[in-house]
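Please open the structure in a viewer and keep the sequence panel visible. The tour below proceeds by selection, one stop after another.

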Amino acid sequence: MLTNFLVAVVERILNTALVLDSTLIAKLKPVTQQRLLIDIRDWQQQFVVVFTGQNLHLYNTKETLYDCMISANIDTLMALQNPAMLTQLIRQDKLDLQGDLNIAQGYSNAFAAMDIDWPEHLSRYIGDVPAQQVWQLITQLKSQGDKTQLKLNNTITHLCQDELAVTIHPIELEQFKQHTRQLKGQVAQLEMRINQLLQSN
Amino acid sequence: MNENPEKTAHFGYKTVAETEKASMVADVFHSVATKYDVMNDLMSFGIHRLWKRQTIASSGVRKGHYVLDLAGGTGDLTAKFSQLVGDTGQVVLGDINSSMLKVGREKLHNLGLVGNIDYVQMNAEALPFPDNSFDLITIAFGLRNVTDQNKALRSMYRILKPGGRLLVLEFSKPEHELLNKAYDFYSFNLLPKMGELVANDGESYKYLAESIRMHPDQETLKTMMNDAGFEQTTYQNLTGGIVALHRGFKY
Ligand SMILES: C[S@@+](CC[C@H](N)C(=O)[O-])C[C@H]1O[C@@H](n2cnc3c(N)ncnc32)[C@H](O)[C@@H]1O
């Protein structure tokens, strides 16, 4: 029940962020209705995040249905610095990634680009000085969080380009389509030439 | 002696004719409908929100699902489900009581939740849907008010799709004797007083307290669900067993 309560608080904060930064909704649009499951192994807890178009929903759950899943110990999750480590971590069974990684990236990008003047909003409720103090505390915490965020971002970007090639990026797909089109053209030309040759014989 | 004695049911601690219970329960909820949400928060110190969150977390609900929030009252669960099933899904808020449905509809409209919610008046004992219709049925704090609970469970089983699940959130039996005592004192002394003060309706809240105590405990409800056909039935105690969340599947 305590976890449940804390999760509810975090969900509230995330949704406050949605209200305060009006660009977030647009940024989250690509991941609408996509379930990101975060499995923190050593806590033996799983969390699912879903953006439903207006709100973020965060639940502590035992369900195993997801569109994208990240599983690791909390230390591993926090320490994801060097993208090169990823493959290694996966091989060592310390990290698991499943599903469409663009979803994890979608959620993480949206919050990385968050632009909210928290002290300004805070001071409206508790006055300027306390707001500043609270803000300093939060900034310290946030810088820690940012590092993690950045790591996660790099990590995911890297992973998408990594030898693992777990998922096909839309750009890759576009390139592939283009290549196919070229190839098709060339085959058609070849066919024409063969036909010409056959006829001239 | 009467050849054909009238069947009876519990109305709180009173025993009443089975045919009467439904209308007596209706009176209770007509009279509390408008104050229902405020009282819920007050009575449970807001904890009912956490119990409901747990229900959603255990529901496996997702985009495209067809969900019945039975005895849904003012629609707390429906509000969340409506967002989680999205445009391609649908939620039915079902309740026997038109006043509760009306309050629910207004509340959800004001939250901007329109488009994928139906409001249907229905009795849990005879659900007006074809077999194998729903992916999920929830009944939160509703089952104890139903006259023939076994019949209601069978009806829910019938309209669930194979692979679908039922979640019953309901008051139950606290695991520890001390908690049980404290809880008794709270619900029989304080709760009706709060009802009196806030909703001006002590009697209704006295009924609520009594009906909670008459409701089957964890194991009994689990057996009832199995008897109705549910499989893999499990329950989870919340807040020391004051409330239990039962879950069963239809295969
Ligand atoms: C305590 S309220 C619960 C409302 C809501 N589910 C919640 O958790 O806030 C119980 C609801 O059950 C409804 N109810 C009682 N008997 C019923 C029946 N036989 N069929 C359907 N609904 C019933 C009442 O009208 C009332 O709205």
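The stops are the ligand site, the sheet of chain B and the sheet of chain A.

This is a predicted model, in which local features need pLDDT of at least 70, side-chain atom pairs count only at pLDDT 80 or more, and totals for chains, interfaces and linings use all residues. Residues are numbered from 1 along each chain as its sequence is written, chains are lettered from A and ligands numbered from 1 in the order in which they are written, and side-chain values use heavy atoms, with hydrogens and water left out.

**Confidence**

Colour chain B by pLDDT (the predictor's confidence in each residue, from 0 to 100): the average is 89, and 98% of the residues score at least 70. The model scores ipTM 0.77 and pTM 0.77.

**The ligand site**

Select the ligand and the residues near it (those with a heavy atom within 4 Å). The selection holds 19 residues, and the closest are Lys52(B), Ala71(B), Asp95(B), Ala124(B) and Ala140(B). By class, 11 are nonpolar (Ala, Val, Leu, Ile, Met, Phe, Trp, Tyr, Cys and Pro), 2 charged (Asp, Glu, Lys and Arg) and 6 polar (the others, Gly among them).

Next, display polar contacts (pairs of N or O atoms within 3.5 Å). The side chain of Lys52(B) places an N or O atom 2.9 Å from a ligand oxygen. A ligand nitrogen lies 2.9 Å from a backbone N or O atom of Ala71(B), and a polar side-chain atom of Asn123(B) is 3.0 Å from a nitrogen of the ligand. Of the 600 Å² of accessible area that the ligand has on its own (Shrake-Rupley method, 1.4 Å probe), the protein covers 97%.

**The sheet of chain B**

Now show the strands of chain B (DSSP runs of E, at least two residues, numbered from the N terminus). Seven strands, with pairing defined by at least two DSSP bridges, form an open mixed sheet in the order 5-4-3-6-7-9-8. Strand 5 (117-121) and strand 8 (231-238) of chain B are its edges, each pairing on one side only. Within the sheet, select strand 3 (66-70) and strand 4 (90-95) of chain B, which are parallel over 5 bridges; Val67(B) has Val91(B) as its bridge partner.

**The sheet of chain A**

Move to chain A, where an open mixed sheet of 5 strands has the order 3-2-1-4-5. Strand 3 (56-60) and strand 5 (95-99) of chain A each have a single partner strand, so one side of each is left without a neighbour in the sheet. Finally, select strand 1 (35-40) and strand 2 (45-51) of chain A, an antiparallel pair with 6 bridges. Asp39(A) is bridged to Gln46(A) in strand 2 of chain A.

Methods:
A polar contact is a pair of N or O atoms within 3.5 Å; within protein, one must be able to donate a hydrogen and the other to accept it, and residues adjacent in sequence count only if both atoms are side-chain atoms. Helices (H or I, at least four residues) and strands (E, at least two) are DSSP runs, numbered from the N terminus.
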